[in-house]
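Me: I would like to learn how to read a model feature by feature. Can you take me through one?

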Amino acid sequence: MIPILFLLVLLISLSIYDNFRMEPAEVMEEVRIENQVEFSTSDQGRKKVIPSLELALEQESWAEIAREYELELPEYPFNPQGEVGIFVLNGKVKYVQSLPGPENNVEIRVAVDVKDNYYHMGTVEKKEFWKEGQEIRWILMDHRGEVFQELVTEPDEKEEEKREEI
C-alpha cells in the first residue's frame, strides 16, 4: 500500500513542479503587410440573390448568351424553329407552366429555387404555347409566387424583347 501512496504523492508533486516551470505561451506577432492602409468596416453580410431569366429565340442569341455568361453549350443542337432557349441565372428551374393570359395571349411561368452562383439552361418546345400573333409574357418567380422578372416577346418579332424589371 505504501508504494502506491508514494507513487501518487510523486505524481502530484511532479505536476505541481511542471506548472511552476511552464514557459509563458508565445504571443504571435501580427504580420504587417508592406504599405498596408488601415480600414474600418461599416457594414457586412450577405447580399440577397435575385435570379434572372434570359431567352434565346435564335441560334445567334443562344450562343451569345452562353458566351456572355461563360457557359458551356451542350452537344445537343438548339432548334430555334421549334424551341425557345431558357437561361436562368442564380436559380434552378423547378417547373415551367403555360397559362392563358389576358386578351387571348399566353403567360409562361418559370418557377425557380433561388441558388447563388448557379445557372440552369434548357429549352421549351414552342408547340406547347406558340401561336402566331400572340404576345408571350414570361414570368420568373419562386415557388411562393414572388415575381423576380417579367419579359414580353411577340412571336412575329425576332429577338425583340420588352423588359419589365420588378
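Reply: Start with contacts. A contact means heavy atoms within 4.5 Å. This is a predicted model. Among its contacts between residues at least 6 apart in sequence, 56% join residues at least 24 apart.

Me: How many helices and strands does the protein have, and in what order do the elements run?

Reply: There are two helices and six strands. From the N terminus on, the order is α-β-α-β-β-β-β-β.

Me: What share of the residues is buried?

Reply: A residue is buried under 20% relative accessible area and exposed over 50%. Buried residues are 30% of the 166 in the protein. The accessible surface is about 12800 Å². Carbon and sulfur atoms account for 53% of that surface.

Me: How do I read a nonpolar core? Which residues have the most contacts inside the largest one?

Reply: The general idea: in soluble globular proteins, nonpolar side chains tend to be buried together. Here the largest nonpolar core has 19 residues. L53, V88, V110, F129 and W138 have the most contacts inside this core.

Me: Which strands each supply at least two residues of this core?

Reply: Five strands do so: β1 (52–56), β2 (83–100), β3 (106–125), β4 (136–142) and β5 (147–153). The largest share, five residues, comes from β3.

Me: Let me zoom in on one member. What does W138 touch?

Reply: Leave out residues up to four places away in sequence. W138 then touches L53, L55, V84, I86, I108, V110, F129, Q149, E150, L151 and T153. Apart from the largest core lies another, of seven residues. Its members include A56, I65, A66 and F87.

Me: Now a single strand. Is β1 mostly covered or mostly open?

Reply: In a regular strand the side chains alternate between the two faces of the sheet. As for β1, four of its five residues are buried, so read by the under 20% cut-off the strand is mostly covered.

Me: In what sense do β1 and β2 pair, and over how many bridges?

Reply: The pairing of β1 and β2 is antiparallel, over five bridges. To find it on screen, take S52, whose bridge partner in β2 is L89.

Me: On to charges. How many salt bridges does the structure hold?

Reply: Side chains of opposite charge can pair when their charged atoms come close. This structure holds six salt bridges. Take E146 and K48 as one of them. Their closest N and O atoms are 3.8 Å apart.

Me: Why does the pair of E146 and K48 tie together distant parts of the sequence?

Reply: Look at where each partner lies. E146 is in the loop between β4 and β5, and K48 is in the loop between α1 (2–21) and β1, so the pair ties together parts that are 98 residues apart in sequence. E146 is partly exposed, at 32% relative accessibility. K48 is exposed, at 63%.

Me: Which residues does R144 pair with?

Reply: R144 forms a salt bridge with D142, at 3.0 Å from N to O. R144 also forms one with E146, where the closest N and O atoms are 3.5 Å apart. Through shared partners, salt bridges join K48, D142, R144 and E146 into one network.

Me: Are R144 and D142 buried or exposed?

Reply: R144 is exposed, with a relative accessible area of 62%. D142 is buried, at 4%.

Me: What about nonpolar side chains at the surface? Which residues make a nonpolar patch?

Reply: M1, L5, L8, I12 and I16 make a nonpolar surface patch of about 540 Å². Pick L8, which sits in helix α1. L8 is partly exposed, at 46% relative accessible area.

Me: Last, the backbone. Where does E70, with its positive phi, lie?

Reply: E70 has a phi of about 55° and is not a glycine. E70 is in the loop between α2 (59–68) and β2. The residue is exposed, with a relative accessible area of 73%.

Me: And in which element is N117 found?

Reply: N117 is in strand β3. Its phi is near 55°, again positive in a residue other than glycine. N117 counts as exposed, at 71% relative accessibility.

Conventions. Residues are numbered from 1 along each chain as its sequence is written. This is a predicted model: local features need pLDDT of at least 70, side-chain atom pairs count only at pLDDT 80 or more; totals for chains, interfaces and linings use all residues. Side-chain values use heavy atoms; hydrogens and water are left out. A nonpolar core is a set of buried Ala, Val, Leu, Ile, Met, Phe, Trp, Tyr and Cys residues joined through side-chain atoms within 4.5 Å. Buried means under 20% relative accessible area, exposed over 50%, partly exposed in between (1.4 Å probe, protein chains only). A salt bridge is a side-chain nitrogen of Lys or Arg within 4 Å of a carboxyl oxygen of Asp or Glu. Accessible areas come from the Shrake-Rupley method with a 1.4 Å probe; for residues, only the protein chains shown count as cover. Patches are made of residues with over 30% relative accessible area and no salt bridge: like charges are joined within 9 Å, nonpolar side chains (Val, Leu, Ile, Met, Phe, Trp, Tyr) within 5 Å. Two strands pair if DSSP finds at least two bridges between them.
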